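Here are some notes to help you find your way around this structure. Keep the viewer open as you read, and take the points in order.

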Amino acid sequence: MLKPKRQIFKDEIKKDPFIENILSIQNNFKQFKNLYQRIGIVLLLSILTIFIYNYQKNKNNLEGYNQLNSVLSSTISSDTLYINNLLDVYNNFKNTQSSIESAFYIGKRYFELEDFINSAKFLHYYYQNGENLFLIQSVLRMLVALNLDNKNYSKSIKYQKKIKNYDLSDRQKAKNIIKLAQLYLLDNNLSKSNSVLKDIPPNMKKDIEIINELESLSVVK
């Protein structure tokens, strides 16, 4: 009487969905074992490649920053030598933040030398790729100034409008608005100049420094 019961129990095990799924997985694994092994090897190699790439990139970035800091902290009297040393960082450590930041300092030095063509090239590069918000503000101010020097008021206005995204205080915001109004005046757009002044924070309209700047609004500094 025990045998039939034992047979029924075995049949029930075979029909159990959970057991059937396990058996199905086992059979599937055996059938595609080589494929799974190849996929595993590819994934392992991919992870290893990413790890090596990131390690090398971080290593290059650290070396680049060491070289960049060495240039910035040195007392190089020759502008040509200073720029060439920065260009070494810019060219030798591509795709790293050290290379990108070197572009800022190259553009800044060209700006100080009034070589606005070269300056604009490197400043634009930093603006598109840089991460330091303070340096980005500085870049935008230089781009405003060099376009103003070329009497390209529309471009100066374009960059001045971008500066407002980095205002850290109401006073800074008010000063940037006044500067924008000045640029609109130079571009012979009086209505737009008056319009942007309405965005000055109310609490700044009683600030002595802001009042003085508003009074000398038509004076280009």
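1. Let's start with Leu197. Setting aside residues up to four places away in sequence, Leu197 touches Ile177, Ile178, Ala181, Leu214 and Leu217. Please keep in mind that this is a predicted model, as that applies to every point below.

2. Leu197 belongs to a bigger group. The largest nonpolar core holds 33 residues, and Leu197 is named with Tyr126 and Ile200 as having the most contacts inside it. At least two residues of this core come from each of α5 (97-112), α6 (116-129), α7 (133-149), α8 (153-163), α9 (170-186) and α10 (190-197). The largest share, 9 residues, is supplied by α7. As general background, nonpolar side chains in soluble globular proteins tend to be buried together.

3. There is another core to look for. This one has 12 residues and lies apart from the largest core; Tyr82, Ile83, Leu86 and Ala103 are among its members.

4. Next, have a look at α10. Its buried residues are Ser193, Val196 and Leu197. Viewed down the axis of α10, they fall within an arc of 105 degrees, so they line one face of the helix. The cover over the buried residues of α10 includes α9 and α11 (208-215).

5. A good partner to examine is Ala181, which sits in helix α9. Is Ala181 buried or exposed? Its relative accessibility is 0%, and buried means under 20%, so Ala181 counts as buried. Leaving out residues up to four places away in sequence, Ala181 touches Ser193, Val196, Leu197 and Leu217. Ser193, Val196 and Leu197 are the buried residues of α10 that we met above. You can also check the backbone here: the C-alpha atoms of Ala181 and Asn194 are 7.0 Å apart, although 13 residues separate the two along the chain.

6. Now move to α4, which covers residues 79-92. Helix α4 has 14 residues and spans 20 Å from its first C-alpha to its last, close to the 20 Å expected at 1.5 Å a residue. Which residues of α4 are buried? They are Tyr82, Ile83, Leu86, Val89 and Tyr90. These residues cover an arc of only 115 degrees around the axis, which puts them on the same side of α4. The spacing is easier to follow with a general rule: an α-helix has 3.6 residues a turn, so residues three or four places apart point the same way. On the other side of α4, Thr80 and Asn92 are exposed.

7. The N-terminal end of α4 deserves a quick zoom. Ser78 caps this end, with a side-chain oxygen placed 3.4 Å from the backbone nitrogen of Thr80.

8. Another serine to visit is Ser98, found in helix α5. Ser98 counts as buried because its relative accessibility is 0%. Its side chain makes a polar contact of 2.8 Å with the side chain of Thr96.

9. Finally, step back to the whole chain. Its secondary structure comes to 11 helices and 0 strands. Of the 221 residues in the protein chain, 30% are buried. Among contacts between residues at least 6 apart in sequence, 51% join residues at least 24 apart. The accessible surface comes to about 14,900 Å², with 56% of it belonging to carbon and sulfur atoms.

Definitions and conventions
Residues numbered from 1 in each chain as written. Predicted model: local features only at pLDDT ≥ 70, side-chain atom pairs only at ≥ 80, totals over all residues. Heavy atoms only, no water. Core = buried A, V, L, I, M, F, W, Y, C linked by side-chain atoms within 4.5 Å. Buried < 20%, exposed > 50% of the residue type's maximum accessible area, 1.4 Å probe, protein only. Helix = DSSP H or I, 4+ residues; strand = E, 2+ residues; numbered from the N terminus. Contact = heavy atoms within 4.5 Å. Areas by Shrake-Rupley, 256 points an atom, 1.4 Å probe, with all protein chains shown as cover. Expected span 1.5 Å × (residues − 1). Arc of directions from axis to C-beta. Polar contact = N/O pair within 3.5 Å; in protein donor to acceptor, adjacent residues only side chain to side chain.
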